[in-house]
Every structure is written in C-alpha cells, then in structure tokens.
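Work through the exercises below with the structure in view. Try each task before you read its solution.

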Amino acid sequence: MTIRTATEEDWPQIWPFFSRIIEAGETYAYRADLTTEEARDGWLMRPPARTIVLEEDGRVLGSATMGPNRPGRGSHVGTASFMVDEAVRGRGVGRRLGEDVLQWHRDEGYRGIQFNAVVETNLPAVRLWQSLGFEIVGTVPGAFRSRAHGYVGLHVMYLTLGS
C-alpha cells in the first residue's frame, strides 16, 4: 500500500465509495443529493491544504483531506476528513491515512489537529482517533441525524502536536 497526493484522475475511483458512504447516512453530514462534481470540488483540496489517496496495485482504497481548520488566526490548528472503501475496512487503511495526516501536520508546523464532527456512533473512527492520541473535548448533543440511530451527538476531537 502506498500513499500519495491525489489527482483529478483519482476521482473516478474515489467517487464510488465516497457516494456509498454519504448514502449510508452514518458518518458525514453531506447532502444526500450531492453531485459528483460538487463532491470532487470539495474533496480535492488545493494548497495550503492537501488530499491524499492510499492505493494498492493501482486501486484507490481510501482518501483523506487535510489543512487548516480555520483561516487567519485559527490556521495554526489543522483538520482532516477520511473516506475508506467499505470493502477494505479492517485492513488498516484508516490508520495508515491517519498516521500520514498526523505527520503532514507536524511537518507543516501545525500546533494541533481538531476534528469538528466525529459522529459518536461511529465507534471504529472514535476508537482509531483515540488510539492515535486524540481526545474528545466536547460533544454537541443531537447534532447529527443518523439514518440508523436518529439524532446522535457529534464529538469534537483534538490532538496537541506542539507548542
């Protein structure tokens, strides 16, 4: 498995699992009717942000975006989003993407990483981020409408990277 910067040519491989994840309604608050063009334009980030893919034998297994959480006076704290093809879950794709994202933020001089909206019922993600050192710093009750669970909380998770 290799991780590299995503290109426009990767989108046809990202979109199928991206759209299935959105359709499932359990992890992201994107509109259900999001078009492939809207999704691509929002996912493929430009500097100072970055989008990566993890691929194996030419197949994209997952993707992540990263960059500043807020502009200006908040730009010293980063953020990231992750999408992993459900067919390869449990193979460490999310962890590998997460580790790459952490290293990129360190290399770029960020002081911390903030995840603004981790769905509390997405236990694999919550456990992964906690295993990488993130803490839940707060939960917004009922802020996410899960297809399976109804209204559930969104965790704000944070990891300090340096001073």
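Helices and strands here are DSSP runs, numbered from the N terminus; a helix has at least four residues and a strand at least two. The model is a predicted one.

**Exercise 1. Place E26 and find its partners.**

Start with the element. E26 sits in the loop between α1 and α2. Next, look for contacts, which means heavy atoms within 4.5 Å. Set aside the neighbours within four places in sequence. E26 then touches V119, F144, S146, R147, A148 and H149. Now check T121. E26 and T121 are 95 residues apart in sequence, yet their C-alpha atoms are 8.0 Å apart in space.

**Exercise 2. Describe how α1 and α2 meet.**

Take the axes of helix α1 (residues 11–24) and helix α2 (residues 36–43). They come within 11 Å and cross at roughly 110°. Angles of 65 to 115 degrees count as roughly perpendicular. The two helices, α1 and α2, are therefore roughly perpendicular to each other. Now name the residues. From α1 come W11, I14, W15 and F18, and from α2 come T36, A39, R40 and W43. Last, sort the contact residues by class: six are nonpolar, one is polar and one is charged.

**Exercise 3. Characterise the largest pocket.**

Begin with the general idea. Rolling a probe the size of a water molecule over the atoms shows where empty space is left.

Step one is the volume: the largest pocket holds about 1,100 Å³. Step two is the lining. It counts 43 residues, and Y28, F82, N122, A125 and W129 lie nearest the centre of the pocket. Step three is the elements. Those giving two or more residues to this lining are α1, α2, β3 (59–68), β4 (77–84), α3 (93–107), β5 (112–119) and α4 (123–131). β4 gives the most, with six residues. Step four is the classes: 25 nonpolar, twelve polar and six charged residues form the lining of the largest pocket.

**Exercise 4. Do the same for the second largest pocket.**

The volume of the second largest pocket is about 200 Å³. List its lining: I22, E23, G25, Y28, A29, Y30, R31, A32, F144, R145, S146 and R147. Which elements each supply at least two residues of this lining? They are α1 and β6 (135–146). The largest share, three residues, comes from β6. By class, the lining of the second largest pocket has six nonpolar, two polar and four charged residues.

**Exercise 5. Classify an aromatic pair.**

A pair of aromatic rings is described by the distance of the centres and the angle of the planes. Rings pair if their centres lie within 6.5 Å, and planes over 60 degrees apart count as edge-to-face. By this rule there are twelve aromatic pairs. Take F115 and W129. Their ring centres are 5.2 Å apart and their planes stand at 65°, so the pair is edge-to-face. Now locate both rings. F115 lies in strand β5 and W129 in helix α4, so the pair ties together parts that are 14 residues apart in sequence.

**Exercise 6. Spot two backbone features in loops.**

First, which residues does a cis peptide bond join? The bond is between P47 and P48, with omega at about 15°. P48 belongs to the loop between α2 and β2 (50–56). Second, turn to D57. Its phi is near 50°, a positive value in a residue other than glycine. D57 is found in the loop between β2 and β3.

Definitions and conventions:
Residues are numbered from 1 along each chain as its sequence is written. This is a predicted model: local features need pLDDT of at least 70, side-chain atom pairs count only at pLDDT 80 or more; totals for chains, interfaces and linings use all residues. Side-chain values use heavy atoms; hydrogens and water are left out. Axes are lines fitted to C-alpha atoms, for helices over the stretch in contact, and angles run from 0 to 180 degrees between N-to-C directions. Angles under 35 degrees count as roughly parallel, over 145 as roughly antiparallel, 65 to 115 as roughly perpendicular and the rest as oblique. Ala, Val, Leu, Ile, Met, Phe, Trp, Tyr, Cys and Pro count as nonpolar, Asp, Glu, Lys and Arg as charged, and the others, Gly among them, as polar. On a 1 Å grid over the protein atoms alone, a cavity is a set of points where a 1.4 Å probe fits but cannot get out, and a pocket is an open set with protein on both sides within 12 Å along at least five of seven lines; lining residues have an atom within 4 Å of a point. Grid points are joined across faces, edges and corners, and a volume is the space filled by probe spheres set on the points. Rings of Phe, Tyr and Trp (its six-membered ring) pair if their centres lie within 6.5 Å; planes under 30 degrees apart count as stacked, over 60 as edge-to-face and the rest as tilted.
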